[in-house]
Amino acid sequence: SFAPKGRHTIKVCLGTACHVRGAGRVLDKMETDLGIKRTETTPDLKYTLETVNCVGCCALGPMVMIDDKYHGQMTGDKVSPLLAKYE
């Protein structure tokens with residue numbers, strides 16, 4: 001990557017199981033809350049938002065990884081409180 005990465009890397013799974021369970025809505029909420037699109041980094045270099053095809057936890061989807069921690073059964077309502085934990 002030629003662009004600087006944020007302190008926290010957020011990966012939203014868009015695999016089939018996560019997709020059918022609403023991963024697109026989770027990604028939309030992440031983009032709205034962070035003010036960036038996927039593959040971008042916040043101006044304060046705190047977060048980098050990425051998408052992945054599968055994290056291997058299909059039964060718990062939609063999945064979000066922040067750094068090395070997995071967060072399952074995500075919904076749009078859970079995004080803001082989750083991001084608040086990393087403030």
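These are my notebook entries on the sheet, two helices, one threonine and the cysteines of a predicted model.

**Entry 1. The sheet.** I began with the strand order. Four strands form an open sheet, and I read their order as β2-β1-β3-β4, with mixed pairing. I noted β2 and β4 as the edge strands, since each of them pairs on one side only. Direction ignored, neighbouring strands of this sheet are turned by 20° against each other on average. I recorded as background that strands of a sheet pair through backbone hydrogen bonds, either parallel or antiparallel.

**Entry 2. β3 and β4.** I then looked up how β3 is joined to β4. The two strands run antiparallel, and three bridges join them. For Val 64 I found the bridge partner His 71, which belongs to β4.

**Entry 3. Helix α2.** I checked which strands α2 lies across, and found β1, β2 and β3. With respect to β1, α2 runs at about 150°.

**Entry 4. Helix α3.** Which residues of α3 are buried? In this helix, which spans residues 76-84, I list Val 79, Leu 82 and Leu 83. Seen down the axis of α3, these buried residues fall within an arc of 90°, so they line one face of the helix. The general rule I keep beside this is that an α-helix has 3.6 residues a turn, so residues three or four places apart point the same way. I next asked what the buried residues of α3 pack against. The partners are the strands β1 (8-13), β2 (47-52), β3 (64-66) and β4 (69-71), together with helix α2 (23-34).

**Entry 5. Thr 48.** I located Thr 48 in strand β2. Is Thr 48 buried or exposed? Its relative accessible area is 1%, so I entered Thr 48 as buried. The side chain of Thr 48 is joined to that of Thr 41 by a polar contact of 2.9 Å. Leaving aside neighbours within four places in sequence, I listed the contacts of Thr 48 as Lys 5, Gly 6, His 8, Thr 9, Ile 10, Glu 40 and Thr 41.

**Entry 6. Cysteines.** How many disulfides does the structure hold? I found zero. For Cys 54, the closest cysteine sulfur is that of Cys 58, at 4.0 Å, which is too far for a bond, the cut-off being 2.5 Å. Cys 57 is likewise in no disulfide, and the nearest cysteine sulfur, again that of Cys 58, is 7.7 Å away. On accessibility, I entered Cys 54 as partly exposed at 48%. Cys 57 is also partly exposed, with a relative accessible area of 22%.

Key
Residues numbered from 1 in each chain as written. Predicted model: local features only at pLDDT ≥ 70, side-chain atom pairs only at ≥ 80, totals over all residues. Heavy atoms only, no water. Buried < 20%, exposed > 50% of the residue type's maximum accessible area, 1.4 Å probe, protein only. Arc of directions from axis to C-beta. Contact = heavy atoms within 4.5 Å. Polar contact = N/O pair within 3.5 Å; in protein donor to acceptor, adjacent residues only side chain to side chain. Pairing = 2+ DSSP bridges. Axes fitted to C-alpha atoms, helices over the stretch in contact; angles between N-to-C directions.
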